[in-house]
Amino acid sequence: MDYELKGRTALVTGASAGIGAGIARLLADQGVRVAATARRVERIAPHANLTALAGDVTAVADLERLAREATAALGPVDILVNCAGGSRPTTVDADEAFWEEAMALNFTSARRLSIALLPAMRQRRWGRIVNITGTMEPRGLNAAVAAKAALHLWAKGLACDVAADGVTVNSIQPGRINSEQILEKLHPTEESRRAFIERNIPAGHFGEPADVAHLVAFLASSAAGYITGTVIPVDGGMRNFAH
Ligand SMILES: NC(=O)c1ccc[n+]([C@@H]2O[C@H](COP(=O)([O-])OP(=O)(O)OC[C@H]3O[C@@H](n4cnc5c(N)ncnc54)[C@H](OP(=O)(O)O)[C@@H]3O)[C@@H](O)[C@H]2O)c1
């Protein structure tokens with residue numbers, strides 16, 4: 001499928017594993033010149049259209065540097081995909097440092113990177129920001145869920161403010177997508193995966209990073225210019241948990 005993105009530039013965070021790696025690869029395959037970022041930069045799969053940049057998105061100095069280095073390597077960034085993140089299940093007595101890290105990773109990093117790249121998008125009157133978020137229906141306390149909820153509403157507000165400048169801002173809620181965190185931490189055994197799928201996923205299986213990546217590519221395309229401020233699940237029908 002051709003999303004007519006050839007010649008565009010993109011910055012994708014969380015590109016060393018799982019969903020972010022799938023998004024970086026699909027965009028690069030589409031002819032987008034991609035700055036792919038993560039801490040474990042050595043795990044970012046090489047590609048002719050891909051520049052790997054190392055950085056920790058919870059560190060403000062790293063975020064500013066990543067925005068600068070991506071722009072220096074590619075020119076102005078057309079498409080920002082905020083994918084770095086991770087689940088943070090917790091208890092009522094978790095300390096402040098735990099919450100601050102969870103918010104920094106799953107909310108503040110996306111907000112700061114968007115702010116750093118927005119002026120160039122607005123100036124050129126074209127831009128795409130896509131956040132990879134998550135469920136709004138927690139099964140227990142999870143600091144990442146609170147952070148992703150903040151990201152949804154921040155993105156909706158921002159979408160209103162920049163729509164007339166040709167910039168769209170959307171969020172995608174993965175249900176259960178095969179990735180490092182899902183396979184190694186959340187559902188480490190085949191038995192636990194099968195039990196979860198039977199109870200919760202009408203499609204009968206976990207999704208693949210490409211299932212999310214294709215929606216990112218569409219939202220990044222010119223055809224999706226009138227779609228903004230949305231929160232879209234990619235979840236095989238696991239809708240009860242993805243509002
Ligand atoms: N997979 C799912 O079913 C699912 C469900 C709901 C939401 N999500 C969301 O989708 C996104 C991707 O999830 P995933 O399952 O693909 O996760 P994953 O396999 O664990 O990959 C996470 C990515 O984020 C990067 N990352 C984590 N902490 C970082 C930090 N401090 N600085 C820079 N990069 C960091 C990791 O790179 P390094 O470790 O190399 O830095 C890695 O590339 C996350 O935001 C997650 O919350 C996923």
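## A ligand, some salt bridges and a helix

Let's start at the ligand: one of its oxygen atoms sits 2.8 Å from a polar backbone atom of Cys83. That pair is a polar contact, the term for two N or O atoms within 3.5 Å; within protein, one must be able to donate a hydrogen and the other to accept it, and residues adjacent in sequence count only if both atoms are side-chain atoms. Before going on, note that this is a predicted model, where local features need pLDDT of at least 70 and side-chain atom pairs count only at pLDDT 80 or more, while totals for chains, interfaces and linings use all residues. Residues are numbered from 1 along each chain as its sequence is written, and side-chain values use heavy atoms, with hydrogens and water left out.

Back to the ligand. A backbone N or O atom of Ile19 is 2.8 Å from a ligand oxygen, and an N or O atom in the side chain of Ser179 is 2.5 Å from an oxygen atom of the ligand. On its own the ligand has 870 Å² of accessible area, and the protein covers 93% of that (areas come from the Shrake-Rupley method with a 1.4 Å probe; for residues, only the protein chains shown count as cover). How many residues surround the ligand? There are 29, and the closest are Arg39, Arg40, Lys148, Ile177 and Ser179; to be counted, a residue needs a heavy atom within 4 Å of the ligand.

Arg40 leads us to the salt bridges. Side chains of opposite charge can pair when their charged atoms come close. Here the rule is a side-chain nitrogen of Lys or Arg within 4 Å of a carboxyl oxygen of Asp or Glu, and the count comes to nine. Here are some of them:

| Pair | N to O distance |
|---|---|
| Arg40 and Glu180 | 3.1 Å |
| Asp165 and Arg122 | 2.6 Å |
| Glu190 and Arg193 | 3.4 Å |

Arg40 and Glu180 are 140 residues apart: Arg40 is in the loop between strand 2 (33–38) and strand 3 (50–54), and Glu180 is in helix 5 (residues 180–186). Helices (H or I, at least four residues) and strands (E, at least two) are DSSP runs, numbered from the N terminus. Arg43 joins Arg40 and Glu180 in a network of salt bridges.

Are these side chains buried or exposed? Buried means under 20% relative accessible area, exposed over 50%, and partly exposed in between (1.4 Å probe, protein chains only). Arg40 is partly exposed because its value is 28%, and Glu180 is partly exposed too, at 26%. Asp165 has 16%, so it counts as buried, while its partner Arg122 is partly exposed at 35%. In the third pair, Arg193 is buried, with 17%. Glu190 and Arg193 both belong to helix 6 (residues 190–200) and are three residues apart, about one turn of the helix.

Now for helix 7 (residues 209–220). Its 12 residues should span 16 Å at 1.5 Å a residue, and its end C-alpha atoms are 16 Å apart, so the two agree; the expected span is 1.5 Å times one less than the number of residues. Among the buried residues of helix 7 are Pro209, Val212 and Leu215. The cover over its buried residues includes helix 1 (18–29) and strand 7 (231–234).

Last stop, Met103, in helix 3 (residues 96–124). Met103 is partly exposed because its relative accessibility is 25%. Leaving aside neighbours within four places in sequence, Met103 is in contact (heavy atoms within 4.5 Å) with Thr108, Ala147 and Ala150.
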